[in-house]
Amino acid sequence: MSMLKDPSSKYRAFPTIDIPDRTWPSKTITAAPIWCSSDLRDGNQSLIEPMDAVKKLRFWKTLVQVGVKEIEASFPAASQTDFDFVRTLIEDGHIPDDTTIQVLTQGREDLIARTFESLRGAKKAIVHLYNATSPSFRRIVFNQDKDGIKAIAVNAAKLFVKYAAQQPETEWTFEYSPETFSATELEFAKEVCDAVIEVWNPTPEHKVILNLPATVECATPNIYADQIEWFGRHINRRDSVIISLHTHNDRGTGVAATELGLMAGADRVEGCLFGNGERTGNVDLVTVALNLYTQGVDPELDFSDIDGVRKVVEECNQIPVHPRHPYVGDLVHTAFSGSHQDAIRKGFAQQQPDELWEVPYLPIDPADIGRSYEAVIRVNSQSGKGGIAYLLEQEYGINLPRRMQIEFSQVVQRETDRLGLEMTAQQIHALLHSEYLQANTPYALVSHRLQEENGHSAVEVEVSSKGQGETNLHWRGKGNGALEALVAGLPIPVEIMDYNEHAIGAGTNAKAAAYIELRVNGERAVHGVGIDENITTASFKALFSALNRSLSQPEAKAA
Ligand SMILES: CC(=O)SCCNC(=O)CCNC(=O)[C@H](O)C(C)(C)COP(=O)(O)OP(=O)(O)OC[C@H]1O[C@@H](n2cnc3c(N)ncnc32)[C@H](O)[C@@H]1OP(=O)(O)O
Ligand SMILES: CC(C)C(=O)C(=O)O
């Protein structure tokens, strides 16, 4: 418990950046950035149990499959596992020609030497140097002034040149991160970066990467965007520099900061799949990529089997992806609430395959990321008729008429309230059966005979009555059509309010479904359903279903 009256007085607002002619707010992102996955380094270092070699290789292969072309594979000087993993990738030929391995090191010579050693024999590699530059890190961690911090970077940069020269068979790219960039005075960040690139001497043909981390996210994303725009305008040799973003999610705005940073002119994004990483995680590369996709920009990463990617990531990280995680969470292509279900069902019905995606509540077509429509709609006590109707239609070919949807949704609602659980399509179908298709008391239809002549029908039905013991009754009636004849033969006054029928399936397995809305004894109209190979039988069953349901309801008068 804080001793301060107002604990918020421990903190202060992040200062704004003086850049009144900022251009990023009116920019849009029109092309995919260079992607770099830091899962096997930043992600891995944050795990309770870091990945072993088998998991790392599985993860690496997944990243390659997804199409990430720059992959930070390890911090080779940190551990034998990390060092050996780099060796395995190189010696066993796991690095495709279009993919570049990246590794990270501090600016200490022993670590740099070991880092270059790990890369011996690589065709090409990115070696990534970092040291923190912000005032608090200068004071707390390094106990150095600005010159001391710059000297760490410059000396290490020189060592990079020296060790790289000893392995000329490799095509080297150098990357420098002023760690804690977003908390560093912009002029000083530029000063250190300018000094580093002075040593590395990049050209437009052979650029260096300057990676500008929000190591700890400490301001709103617009501030980060201002910092990136300012940096891009002021850094020396901009045409020889790739500006890279590396955001974390401490304030929950890593994706926003990255997107605004791209609008502010950055070329490259480092992050982790589904946002793994220290504390609240690195920026989620998948979300940034699929956000581009939903804006009509090809992200150049393949998430067409997003669940397959998630499985690998979850098993390697041993951290589950949250069910509400953008795009990939178990629940994100699911609608429980009634009005959402209704809108989604209508959207699917109207969506044309080659037209712009417009299904309400679904920012992306689930099929584009390997998800199926069946999982889209789920039913619980918040659900309405739309979702129920959709599931019956998709799973069982049962197309409930609109008014019956309303009635049946109340039946489902009672059941979900009773269970307190979600209902599957199978359970809903079983409920439809027990409520409508097994509604055979007090009168069960045993058989019927139908004669039709000149548009006139004569019907005789045999009915088993459970009213006073089990007796078999015979009812006869005539009318213009089978149903009218049956109604005429009933000893109870009924009125058909609505009737619908359709086929379920096709060919020899096809069945007929009939739906009737019936008013019995002048009471409230209720629905009945009949399903049979024969359409007349289906319609008779539907009528008996409605009759029995009406007579079984407390307010209905006995016949
Ligand atoms: C934001 C990030 O994610 S940065 C990456 C962080 N990742 C990791 O640290 C994971 C791997 N790291 C490790 O396993 C270890 O830190 C090692 C093996 C690299 C080094 O371990 P150690 O030698 O015990 O040193 P440690 O990391 O504690 O650093 C302590 C010293 O390095 C200095 N140092 C820290 N960072 C840097 C740097 N980037 N460049 C140069 N020196 C540095 C510190 O000032 C400190 O110096 P001091 O001992 O004189 O006070
Ligand atoms: C090493 C740097 C890029 C880092 O991981 C960070 O600042 O978060």
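Here is a walk through the structure, starting with confidence, moving on to the two ligands, and ending with a helix and a loop.

First, keep in mind that this is a predicted model. The predictor seems happy enough with the protein: the average pLDDT is 94, and 97% of the residues score at least 70. For the model as a whole, the scores are ipTM 0.96 and pTM 0.81.

Let's start with ligand 1. Its shell holds 17 residues, and those that come nearest are Gln-45, Gly-107, Arg-108, Tyr-130 and Glu-179. If you go looking for polar pairs, Gln-45 is a good place to begin, as a polar atom of its side chain sits 2.8 Å from an oxygen of the ligand. Arg-108 offers a side-chain N or O atom that is also 2.8 Å from an oxygen atom of ligand 1. Gln-106 joins in as well, with a polar side-chain atom 3.2 Å from a ligand oxygen. On its own, ligand 1 has 1000 Å² of accessible area, and the protein covers 57% of it. As for where the shell comes from, two or more residues each are supplied by helix H1 (39-45), strand S4 (124-132) and helix H5 (135-142). The biggest giver is H1, with 3 residues. By type, the shell around ligand 1 splits into 8 nonpolar, 5 polar and 4 charged residues.

Now over to ligand 2. The residues around it are Arg-41, Asp-42, His-128, Tyr-130, Ser-177, Glu-179, Asn-211, Pro-213, Thr-215, His-246 and His-248. Tyr-130 and Glu-179 may ring a bell: they are among the residues that come nearest to ligand 1, and they turn up in the surroundings of ligand 2 too. For the polar pairs here, Arg-41 places a polar side-chain atom 2.9 Å from an oxygen of ligand 2. Two histidines do something similar: a side-chain N or O atom of His-246 is 3.1 Å from a ligand oxygen, and for His-248 the distance is 3.0 Å. Taken alone, ligand 2 exposes 260 Å², of which the protein buries 94%. The elements giving two or more residues to this shell are H1, S4, strand S5 (171-179) and strand S6 (208-214). So much for position; by type, the shell around ligand 2 has 2 nonpolar, 6 polar and 3 charged residues.

Next, follow the chain along to helix H17, which runs over residues 535-552. Its 18 residues reach 25 Å from the first C-alpha to the last, close to the 26 Å expected at 1.5 Å a residue. At the N-terminal end, Asn-534 acts as a cap, with a side-chain oxygen 2.8 Å from the backbone nitrogen of Thr-536. The helix is mostly covered, with 15 of its 18 residues buried. Arg-549 has its place in this helix. It counts as buried because its relative accessibility is 7%, under the 20% cut-off. The side chain of Arg-549 has a partner, too: a polar contact of 2.9 Å joins it to the side chain of Glu-407.

For contrast, finish at Pro-491, in the loop between helix H16 (482-489) and strand S12 (494-504). Pro-491 counts as exposed because its relative accessible area is 54%, over the 50% cut-off. To get a feel for distance, pair Pro-491 with Leu-210: they are 281 residues apart along the chain, and 88 Å separates their C-alpha atoms.

Methods:
Residues are numbered from 1 along each chain as its sequence is written. Chains are lettered from A and ligands numbered from 1 in the order in which they are written. This is a predicted model: local features need pLDDT of at least 70, side-chain atom pairs count only at pLDDT 80 or more; totals for chains, interfaces and linings use all residues. Side-chain values use heavy atoms; hydrogens and water are left out. Helices (H or I, at least four residues) and strands (E, at least two) are DSSP runs, numbered from the N terminus. The expected span of a helix is 1.5 Å times one less than its number of residues. Buried means under 20% relative accessible area, exposed over 50%, partly exposed in between (1.4 Å probe, protein chains only). A polar contact is a pair of N or O atoms within 3.5 Å; within protein, one must be able to donate a hydrogen and the other to accept it, and residues adjacent in sequence count only if both atoms are side-chain atoms. A residue is near a molecule or strand if one of its heavy atoms lies within 4 Å of it. Accessible areas come from the Shrake-Rupley method with a 1.4 Å probe; for residues, only the protein chains shown count as cover. Ala, Val, Leu, Ile, Met, Phe, Trp, Tyr, Cys and Pro count as nonpolar, Asp, Glu, Lys and Arg as charged, and the others, Gly among them, as polar. pLDDT is the predictor's confidence in each residue, from 0 to 100.
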